[in-house]
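Please walk through the model shown below with its side-chain contacts in view. The account moves from covalent links to aromatic rings, and then to charges and the surface.

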Amino acid sequence: MALEVIMPKAGVDMTEGQIVQWNKKVGEFVKEGEVLLEIMTDKVSMELEAEEDGYLIAILKGDGETVPVTEVIGYLGEEGENIPTAGAAAPEASPAPATASASNDDNKSDNAYDIIVIGGGPAGYVSAIKAAQLGGKVALVEKSELGGTCLNRGCIPTKTYLHNAEIIENIGHAANRGIVIENPNFTVDMDKVLETKNKVVNTLVGGVAGLLRSYGVDVHKGIGTITKDKNVLVNGSELLETKKIILAGGSKVSKINVPGMESSLVMTSDDILEMNEVPESLVIIGGGVVGIELGQAFMTFGSKVTVIEMMDRIVPAMDAEVSKNLRLILERKGMTILTDTKLQEIIEEDGKLRIKVEGKDDITANKALLSIGRVPDLEGIGDVEFELDRGRIKVNEYMETSVPGIYAPGDINGTKMLAHAAFRMGEVAAENALKGNHAVAKLNLTPAAIYTLPEVAAVGLTEEQAREKYDVQIGKFNFAANGRAIASDAAQGFVKVIADKKYGEVLGVHIIGPAAAELINEASTIIEMEITVEEMLKTIHGHPTFSEVMYEAFADVLGLAVHSPKKK
């Protein structure tokens, strides 16, 4: 089948391009990566390479012609192959994904819900609200508390703890800034910490409940499971009839089979957020996001914290340079971090834990936190058989499962286990369930953040990933040279920009420093809108702000950072 050659969109503002010249003639063979033609826009001239081997079988737009972006300008194909025409038979298409009309809506009564959502977490409650906004009759079934893991046992509670840690750190810096506190010693009243955390959580849970009420969503408390005829059973007794189902069961704590893990002194991330004491010593099993965040919180509260991580670095999904920098900062603050370390056994003795690790001395601790990630919660599956992939429900780009009419957004599909990704997946699932499959959840540019002190955030490719596919250039700028950071006693870390050398396409942005979780959203927008490095440098950033570090890092990609010394 002939391959279309199109006028590329080389920048967010580009609407058309001019063909300077074709470097190949019709009938000539072209190798993948060989330059086919040169084009010019109002901003840049560029070469367009062949995407695969083939013969140039047609040129539709010649030298000097101006063509709108994405318009077909030629074809590559087999020698002698005819180009597609408007009257030609369309190539045989692969079976289309199931659409919303594929389920048996006609068999449902007039009283049936348009959609029932199982799960009231980020994917579930957003699905329900979106479906109601689109005019659907909607019910939601939640077995525990609205808001899911993020609101009740994850994102929000941990940020409450980390804000307390930030206050403690700021008090520690106060004397250096001329603020004299006569008795700087402190203790952490965990009962009051828990009360504050619960107040924050309850406020937000109440907010979600209020939103669902305002949109007319019927909320049922209990365990929802799917029946064979694609209705929903609540607590095994109450049957709810529905035309479509959104299964948003979320996730649960992952566990490992290590001797001694059953000890009551070994907590999950759910347990530790209900603990009303600051343990003298705490071992974190797993150096991922949750483990590092809670490790820093309790280290600042006064615990002696040791992190055990099997991989060669903490937060291994992050850029290696950022991970290394974060480790150095945490170790300077007093955290012990053991990487490339395998847990062998946990022994409870004399009211404490003795933790055996491979190749190192035993570690003694009052408590341990198991923090090795989360796995999909499949309790709501019921009597329906879904196609699974390693315990995750497989979905297509429309968030629809292998069973037509049932959608599975959020953690349950394991694609991107982040609350803000679940928000988007939930919106897409609701729209497709009501209106037919057309909306797509594009998740590859989902920003991620770690709320340590300093914060870490990332979007796009890491440097290692980018170098595997592109000829890259790197820009970097340190917060140590930023006026707002210096004035705020927060001059640690940097912004790192990874760009394609040829076109200036932004491939990834990585931040460690103050307000990283906020700054990364600008980077996410830049990449999503296909803004090049040069285009970004036409913007003006306020002064003094942390965001100036982002601007300078982009400028450094081109060697143009004004506030960096001249490179030799």
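How many disulfides does the structure hold? The structure, which is a predicted model, holds one disulfide, and this link joins cysteine 150 to cysteine 155 with an S to S distance of 2.4 Å. A disulfide is a covalent bond between the sulfur atoms of two cysteines. The link of cysteine 150 and cysteine 155 is left-handed, with -130° about the S-S bond. The two partners fall into separate classes of accessibility: cysteine 150 has a relative accessible area of 17% and is therefore buried, since the limit for that class is under 20%, whereas cysteine 155, with a relative accessible area of 29%, is partly exposed.

The chain as a whole gives the setting for these details. Its secondary structure comes to 13 helices and 33 strands, and its C-alpha atoms fill a box of roughly 85 × 75 × 50 Å when taken along the principal axes. Of the 568 residues in the chain, buried residues make up 48%.

The aromatic side chains come next. A search of the whole structure finds six aromatic pairs. One of them is formed by tyrosine 125 and phenylalanine 423, whose rings lie 6.3 Å apart, centre to centre, with 65° between the planes, an arrangement that is edge-to-face. This pair links distant parts of the chain, with tyrosine 125 in helix H1 (residues 122–133) and phenylalanine 423 in helix H8 (residues 419–435), 298 residues apart. Tyrosine 125 counts as buried at 14% relative accessibility, while phenylalanine 423 is partly exposed, with a relative accessible area of 31%.

Another edge-to-face aromatic pair is formed by tyrosine 161 and phenylalanine 298, at 6.1 Å centre to centre and with 65° between the planes. Because tyrosine 161 lies in helix H3 and phenylalanine 298 in helix H6 (residues 289–301), the pair ties together parts that are 137 residues apart in sequence. Are these two rings buried or exposed? Tyrosine 161 is buried, with a relative accessible area of 0%, and phenylalanine 298 likewise counts as buried at 0% relative accessibility. Tyr161 and Phe298 also belong, together with Phe301, to one aromatic cluster.

Aromatic rings also meet charged side chains in this model. The charged end of lysine 137 sits over the ring of tyrosine 113, at 5.2 Å from the centre of that ring. Lysine 476, for its part, lies over the face of phenylalanine 494, at 4.5 Å from the ring centre.

Lysine 476 leads on to the contacts between opposite charges. Side chains of opposite charge can pair when their charged atoms come close. The structure holds 28 salt bridges, and one of them brings together the side chains of glutamate 331 and arginine 327, with an N to O distance of 3.0 Å. Why are these two residues separated by about one helical turn? Glutamate 331 and arginine 327 are four residues apart in helix H7 (residues 320–332), which means a separation of about one helical turn. Both counterparts are partly exposed: glutamate 331 has a relative accessible area of 31%, and arginine 327 has one of 23%.

Aspartate 362 forms a salt bridge with lysine 356, where the closest N and O atoms are 3.8 Å apart. Aspartate 362 counts as partly exposed at 34% relative accessibility, and lysine 356 counts as partly exposed at 26%. A further salt bridge joins aspartate 389 to arginine 390, with the closest N and O atoms 3.6 Å apart; here aspartate 389 counts as partly exposed at 35% relative accessibility, but arginine 390 is exposed, with a relative accessible area of 68%. Elsewhere, salt bridges that share partners join Asp319, Glu321, Glu463, Arg467, Lys476 and Lys496 into one network, and Lys476 is thus named both in this network and in the contact with the ring of phenylalanine 494.

The surface completes the tour. Ile167, Ile171, Ile179 and Ile181 form a nonpolar patch there, with about 330 Å² of accessible area together. Among them, isoleucine 171 lies in helix H3 (residues 155–174), the helix that also holds tyrosine 161. Isoleucine 171 is partly exposed, with a relative accessible area of 41%, whereas tyrosine 161 is buried at 0%.

Methods: Residues numbered from 1 in each chain as written. Predicted model: local features only at pLDDT ≥ 70, side-chain atom pairs only at ≥ 80, totals over all residues. Heavy atoms only, no water. Patch = residues over 30% accessible without salt bridge, like charges linked within 9 Å, V, L, I, M, F, W, Y side chains within 5 Å. Areas by Shrake-Rupley, 256 points an atom, 1.4 Å probe, with all protein chains shown as cover. Salt bridge = Lys/Arg side-chain N within 4 Å of Asp/Glu carboxyl O. Buried < 20%, exposed > 50% of the residue type's maximum accessible area, 1.4 Å probe, protein only. Disulfide = S-S within 2.5 Å. Phe/Tyr/Trp six-rings, centres within 6.5 Å; stacked < 30°, edge-to-face > 60°. Lys NZ or Arg CZ within 6 Å of the ring centre and 35° of its normal.
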